[in-house]
Every structure is written in C-alpha cells, then in structure tokens.
Amino acid sequence: MAEQERPIRSAHGGPRLLLRRLREAMAEPISAQARLDKIVVHIASNMVAEVCSLYVLRSDGRLELFATEGLNREAVHLTTMRTGEGLVGLIAETAEPLALSDAQSHPAFSYKPETGEEIYHSFLGVPVLRGGNTLGVLVVQNRARRAYSEEEIEALQTTAMLLAEMVASGELQSIVLPGSDISIRRPLNIEGKAIADGIGLGHVVLHEPRVVIKHIVAEDLPREEKRLNEAIEEVRASIDRIVEIGDNAGAGEHRDVLEAVRMFVNDRGWLRRLTEAIHSGLTAEAAVERVQNDTRAKLQRSTDPYLRERLHDLDDLANRLLHQLTGQSFVAEHDDLPDNAIIVARNMGPAALLEYDRKKLRGLVLEDGGPSSHVAIIARALGIPAVGQVPNVTDLVETGDAIIVDGSTGTVQLRPQPDVESAYAEKARLRARRQEQYRKLRDVPSVTLDGVAIDLHMNAGLMIDLEHVSETGAASIGLFRTELQFMVAPQFPRMNAQYALYKAVMDAVPDRPVTFRTLDIGGDKILPYMAIYEEENPALGWRAIRIGLDRPGLLRSQLRAMLRAGAGRELRIMFPMIAQVSEFDAAKQIVERELAHQKLHGYELPTDVKLGIMVEVPSVLWQLDDFVDRVDFMSVGSNDLVQYLFAADRDNQRVSARFDPLSPAVLRALRKIVRRAAIKNKPVTLCGEIGGKPLEALALIGIGYRGLSMAASSVGPVKAALVAMNAAETSVFVNELLESRSGADSIRHELAAYAEAKGIPL
Ligand code: PEP
Ligand code: MG
C-alpha cells in the first residue's frame with residue numbers, strides 16, 4: 001500500500017497552466033453548463049485525477065452535483081446531499097479542505113449509488129469560498145490510494161476561488177432546477193435591532209466597498225511576490241506611522257485595533273500562506289483574498305468572541321493590503337450613488353453618514369450600532385430608517401443587491417422575493433398615510449385630555465432639520481447640537497461660518513426661542529481634523545464642556561457667533577456634560593465677558609441671554625438645589641444620564657440593552673430632577689432619545705415632565721399619544737407603580753398594558 005500512496009506531481013503543466021485554461025474557459029461564449037463541463041475536465045486532467053466534481057450549495061441547504069468528469073453524468077443535477085452529510089457535506093460544514101487516501105473508511109463517507117464512485121479510493125475536496133461563505137465544494141478523486149500533496153491542496157483551493165466568482169456572478173442560476181435557488185443569491189430575512197424608524201426599499205451600497213479583483217491569474221510570479229512585499233511594507237509603515245503619531249482620528253480607529261493589525265502584518269504564518277498562494281498562480285491581490293477567505297471561513301465558525309473580534313482586525317489588514325495593491329478607493333464613491341441607496345457598513349461614525357447625499361439615501365444597515373449611538377441619532381434626524389446589530393451583514397450582501405430596511409421592527413430583507421417586496425411596499429404606503437395623519441395633528445394643541453399642556457420641541461443640528469420645524473408644528477428647537485456642523489466640516493469652522501449657521505437657524509424659527517448647546521465633542525463624536533488624545537474610556541474622558549473650559553478660545557468663538565446671531569432676540573445657551581457647579585460658573589463667566597466685549601465693540605446684543613445646563617452626569621442629581629439657584633433652565637440628556645447611571649456604554653449594545661430606561665432607577669432619578677426644579681419654578685425639558693418614544697413619553701409626563709425635545713419624526717407619534725392620555729391619571733398610575741414594583745427592572749410591561757386599556761396609540 002505504501003508504494004501506492006505516492007504524491008503525484010501534476011504532469012500537465014501545473015496550477016498556473018490550469019488557471020490560464022480556466023480563465024479561457026470562463027471567457028468563452030458558451031452556456032453555463034458547457035462551461036462547467038469544460039472546467040471539470042481541465043481540472044481533472046491537470047491534477048491527474050480520474051474524477052473532478054463540482055457541488056453547489058442551494059438555498060435549501062443541499063449541495064447539488066453541478067458538473068462532473070469521471071462520475072456518472074446522469075447524476076448531474078440529481079445527486080444532492082445535506083450540509084454535514086458525507087464527505088462533501090462535511091467540507092461544506094467545516095469550510096476546510098479534506099484529503100484522504102482511503103475515503104471509504106472515513107466515518108463520514110456516504111455512498112451515492114447513482115454516481116458510481118465506489119471504485120475511487122482517494123479523495124481531495126475543498127470548499128468554494130467567497131467572503132468566508134461556503135458556496136459549494138470542489139472534489140477530485142483517484143482510483144489508486146494516494147496522498148495529495150500540500151501543493152495540490154493549495155492548487156485546488158486556488159481553482160475553487162475562480163469557481164467562486166462564477167457561482168457568485170449568478171450565471172449558474174440559469175441551470176438550477178425549477179423551484180430551487182443557488183445559496184449565495186438566496187433571499188434572507190435577518191433580524192437586527194431597530195435604531196431609526198421607517199421603511200426603506202432600495203439597493204445595497206457597501207460603505208467600505210469590497211475590492212474588486214480584476215486579475216486573478218498571475219502572469220509573472222516574481223513580479224507578484226515583489227508587489228505583495230512592497231504592499232506589505234507600505235501598510236506596515238503606514239500603521240507604524242498612525243500608531244506612533246497617534247493621528248488616527250480620520251478613520252475612527254483605535255490604538256488596540258491597530259496594534260492587533262500590526263501584530264498580524266508581522267505574523268510569519270500569515271506571510272507564508274500569502275507567498276504560497278502566489279506560488280499556486282495567483283496575483284498578489286488574489287492571494288490576499290484567498291488567504292483571507294480561508295481565515296474568515298475558519299474564524300466565522302469559531303464561537304470564541306475573542307477570535308471573532310480578531311477576524312475584524314484581519315479583515316482590516318487584508319482590506320488595507322487590497323486597497324494598496326489595487327489602488328481602489330476605501331469608501332463608497334459618493335458621486336455615483338444610486339437613487340435608492342441603502343448603506344451597509346460594519347460600523348460608521350455620524351460624520352460619515354452625513355457625507356452621503358441625503359436625497360438618495362433610503363436606509364442604513366449596520367453590524368454594530370446601538371439605538372443611542374450618534375450615527376443612529378443622525379439617521380433619525382435625517383429621517384433614514386436604520387437597523388443595527390445585524391450579524392455578519394457586510395459578508396452577506398453584494399453591491400447592488402435588492403434590500404429592504406424595516407426600522408420599525410429591526411428587520412432586514414435581503415434579495416426579497418416579489419411577494420415580500422410588495423408586502424413591504426404596502427407597509428411603506430400605510431406608514432406614509434399615518435405620517436399624513438400626524439401632519440394633520442400639526443395644528444392640534446399639544447394638550448392632554450385633562451388639559452395639561454405639553455411642549456414638544458425638536459432636536460436639530462443641521463440646516464436640513466430646519467424645514468421640519470413648521471412641518472411638525474414643534475414648539476421650538478429644544479436642542480441644537482452645534483457639534484454636527486463641526487463634524488461634517490473638513491476643518492474647524494471659523495467664527496463666521498458658525499455665525500452664518502446660527503443666524504440661519506434663528507431666521508428659520510423667527511418667533512420661538514432656540515436652545516443652542518455648545519460644542520459637545522469627544523466620546524464617539526470625533527472631529528477628523530482635531531488631534532486625538534488616546535483615552536482608555538473616551539465616554540468618561542475629555543469631552544464637551546471639559547474641552548470647552550480647557551480650550552476657552554474654542555468656546556469663546558462659538559459663544560461670540562451665538563451672541564451675534566441672537567442680536568435683538570432672546571438667546572438660550574446650554575452647556576453639555578456639566579458635572580459640578582464651578583464648571584457652570586466658569587462657563588457663565590466666559591459668556592459674560594464675551595457679552596461685555598460685544599457691547600464694547602458696538603454689536604447689537606440679544607434682548608436676553610438665558611443659560612442652562614444639560615443634566616446628564618449623575619453628580620448633578622445631588623447638587624440640584626445649587627444648580628437650580630444658578631441656571632435659567634435645565635435639559636435632561638437621558639442618553640448619557642442612563643449610560644452613566646447604569647455604567648453601560650450607550651454604543652455597546654451588549655451592555656446597553658440589558659437596562660431599560662423605563663426602570664424604577666431611571667424614572668426615580670428623572671422624577672427627582674423635575675420635582676426639585678419645580679420648587680423654584682425652573683423650566684426643565686428632556687432632550688434624550690426616550691422623549692421621542694410614545695410609551696416613554698407617557699411615563700415622563702406621568703412623573704411630571706411638561707417639555708420634551710425629540711427628533712422631528714417623533715413629534716407626530718408622541719403628540720398622537722399625549723392628546724389621548726389623561727396626565728393626572730397617568731401620573732397616579734406611574735407613581736404608584738414606582739412605589740409598588742419594588743425590585744423590578746422595568747415598568748414597561750405594565751405601562752404598555754395601561755396604554756392599551758386606555759386606547760392611547762403607541
Ligand atoms: C443626551 O445625552 O441625552 C443628549 C441629548 O445628548 P447627546 O445624545 O448629543 O449626547
Ligand atoms: Mg449627551
């Protein structure tokens with residue numbers, strides 16, 4: 001037997017010749033089946049195998065024999081097996097190659113009589129992979145018992161890569177049996193988390209487009225090796241530069257990610273695999289793709305969260321290399337965005353979303369991203385439906401795929417069937433009709449059934465928001481997030497640019513006060529042009545008013561712009577992230593000095609300047625009386641307050657979703673704020689995301705809030721709920737619940753039942 005187990009060198013010109021043959025076969029104007037038939041003949045002959053077969057994964061999870069050289073031809077499109085069944089099924093399941101000199105003695109071997117394969121002893125199979133997903137299995141078999149060499153396994157994997165392109169192109173769809181589908185094109189219904197309401201139908205635009213590899217087969221191996229080495233050097237140097245200088249603001253990267261990527265770029269095993277892939281006949285970029293495909297296939301199946309996290313790092317590195325090698329752009333071209341673009345991204349900063357043309361955006365899908373992340377806030381401000389926490393989505397989509405985003409349920413429909421598509425189109429129409437009803441509520445007074453007036457304000461931050469003020473009938477702008485202008489600008493906006501925006505805002509809302517918040521940057525709100533100081537915990541770091549007081553020049557020029565824009569009007573200014581009284585006092589002093597300065601230079605002043613604070617750091621809760629005596633108004637930033645109360649990062653869904661803002665802990669804290677302020681008659685509003693949700697708004701009104709500020713799209717639904725509620729009765733109900741539900745994590749359930757019983761629309 002030992003004599004028979006000899007590795008056979010490929011006698012027919014080696015893998016490179018095979019690749020060239022396959023490339024020619026791919027280009028021939030013949031039918032898909034004829035092409036596959038030709039390809040398996042080439043592979044068998046080149047690898048000196050009696051059999052070569054291609055199995056393609058169907059959407060029903062079965063692997064179907066699509067072409068064979070050597071097995072019975074009648075079995076083509078007839079023989080199928082489940083993933084996990086037999087050797088072929090095992091390869092599809094594990095996404096790993098399998099080489100056996102005696103296949104039939106393997107415990108997973110399963111016999112398919114119609115194929116006539118019983119006479120073949122040796123077996124080599126590799127998965128057909130793309131983006132880490134298994135599309136099929138490619139097999140060669142030999143009659144003799146023989147060992148397949150590492151080079152042969154490598155060569156077959158490389159060949160499989162070419163076939164993956166063919167499967168992904170959709171060409172094989174023409175030869176599937178009626179009623180079945182090829183897996184990679186199958187419709188998918190994926191569950192995520194709703195982060196911005198609405199329904200969007202459109203086509204996929206990958207925020208970080210996959211590099212399209214145009215040249216797979218190498219013409220000149222030494223040249224490809226040289227290209228690879230140069231690209232690795234370039235990427236290595238650029239990462240070193242970023243890590244050393246700390247200039248990593250633009251890409252929103254963090255040092256630990258870069259360190260991990262740096263570790264991989266120096267990893268010998270990884271470098272060796274790349275070189276081997278080139279030796280099997282691939283261009284440098286195709287080699288990177290191949291090796292990354294194998295790695296993804298392995299790591300994606302891992303249940304170890306650490307390893308899966310490393311996959312992101314490796315993806316990052318592979319991407320950098322691919323971009324370096326092909327010169328293709330890192331981000332989607334904004335110029336040729338389709339009219340109904342649905343952006344799909346692993347994660348995205350708020351500024352990146354703002355760079356897209358709003359008119360063409362129909363939705364956003366993220367692998368990460370919680371409901372109170374800033375990109376979610378921007379999506380809501382722009383009125384773009386968004387779903388976050390969609391596992392693996394960037395690997396499942398192809399640019400241009402049809403996709404539906406349902407931001408009301410947190411569902412994504414990928415490549416929907418026509419009936420699903422029309423059901424969603426109908427749902428979108430119904431929503432539009434509901435929006436129409438909300439619009440009708442615009443002029444209805446915002447008063448509860450028992451006559452309690454509730455002021456509904458709007459959160460804004462961009463010019464595009466302003467048109468919504470009159471559309472929604474919002475009482476005013478309760479929170480103008482000034483940082484958004486800074487986040488979308490290529491450099492620090494000068495005082496004049498700030499003035500122009502603030503003036504436009506004041507002009508757009510001529511008869512109502514606007515509450516401007518001073519710059520709230522830091523945390524996940526990064527300015528690309530501002531040097532970043534590495535911080536272990538950015539949410540607890542140097543942000544908002546802390547930066548303002550440490551860099552008073554910045555704050556001063558912003559205040560100056562506000563004071564000038566507010567000439568002749570009442571101006572309201574609010575400071576974010578105030579944690580102690582002295583910070584407010586210091587900020588107030590800067591305002592007063594600036595006012596004096598303006599006066600001295602003869603500028604017209606606002607008729608009144610009201611100063612307030614965001615209540616979003618828990619320390620303020622035990623200094624309420626001190627603040628109430630000093631400030632003109634307060635606005636509760638529940639997004640941050642809840643994150644700090646529960647010590648749960650608002651951007652990290654794994655922890656933030658554990659805690660419900662409708663918990664006794666949060667509601668008692670919020671009630672304390674509103675009650676203390678009421679004693680001194682100081683106005684309090686709430687401008688966090690919970691204010692824009694009807695059920696949460698019900699609770700807030702119940703505990704005493706009379707002013708809420710929210711995204712424009714929330715004004716209608718919240719108003720519809722409040723005009724149907726009785727404030728006094730709700731107050732009794734909520735306050736009693738807060739006393740009686742001792743030890744409960746949430747009162748959501750009880751409150752929802754109450755709303756339903758009272759016919760309050762949610
Ligand atoms: C908040 O923290 O609730 C808030 C309104 O501000 P931002 O979301 O901008 O931090
Ligand atoms: Mg905040």
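## Reading a helix and a ligand site

Tutor: Let's start where helix H4 stops: Gly 170 follows H4, and its phi is positive, near 90 degrees. Keep in mind that this is a predicted model.

Student: How many residues of H4 are buried?

Tutor: Buried means under 20% relative accessible area. By that cut-off, 16 of the 19 residues of H4 are buried, so the helix is mostly covered.

Student: And why should H4, residues 150-168, span 27 Å?

Tutor: The expected span is 1.5 Å times one less than the number of residues. H4 has 19 residues, so 27 Å is expected, and its end C-alpha atoms are indeed 27 Å apart, which agrees.

Student: Now the ligand. Which residues are closest to ligand 1?

Tutor: The shell holds 16 residues, with Arg 481, Arg 517, Gly 637, Asn 639 and Arg 650 the closest. By class, the shell has 7 charged, 5 polar and 4 nonpolar residues.

Student: Which atoms of Ser 638, Asn 639 and Asp 640 should I look at?

Tutor: Look for oxygen atoms of ligand 1 in each case. A polar backbone atom of Ser 638 is 3.1 Å from one, and a backbone N or O atom of Asn 639 lies 2.7 Å from one. For Asp 640, a polar side-chain atom lies 3.0 Å from a ligand oxygen.

Student: How much of the area that ligand 1 exposes when taken alone does the protein bury?

Tutor: Alone, ligand 1 exposes 290 Å², and the protein buries 100% of that.

Student: Which elements give two or more residues to the shell?

Tutor: They are helix H11 (374-382), strand E16 (477-481) and helix H21 (638-646). H21 gives the largest share, 3 residues.

Definitions and conventions. Residues are numbered from 1 along each chain as its sequence is written. Chains are lettered from A and ligands numbered from 1 in the order in which they are written. This is a predicted model: local features need pLDDT of at least 70, side-chain atom pairs count only at pLDDT 80 or more; totals for chains, interfaces and linings use all residues. Side-chain values use heavy atoms; hydrogens and water are left out. A residue is near a molecule or strand if one of its heavy atoms lies within 4 Å of it. A polar contact is a pair of N or O atoms within 3.5 Å; within protein, one must be able to donate a hydrogen and the other to accept it, and residues adjacent in sequence count only if both atoms are side-chain atoms. Accessible areas come from the Shrake-Rupley method with a 1.4 Å probe; for residues, only the protein chains shown count as cover. Helices (H or I, at least four residues) and strands (E, at least two) are DSSP runs, numbered from the N terminus. Ala, Val, Leu, Ile, Met, Phe, Trp, Tyr, Cys and Pro count as nonpolar, Asp, Glu, Lys and Arg as charged, and the others, Gly among them, as polar. Buried means under 20% relative accessible area, exposed over 50%, partly exposed in between (1.4 Å probe, protein chains only).
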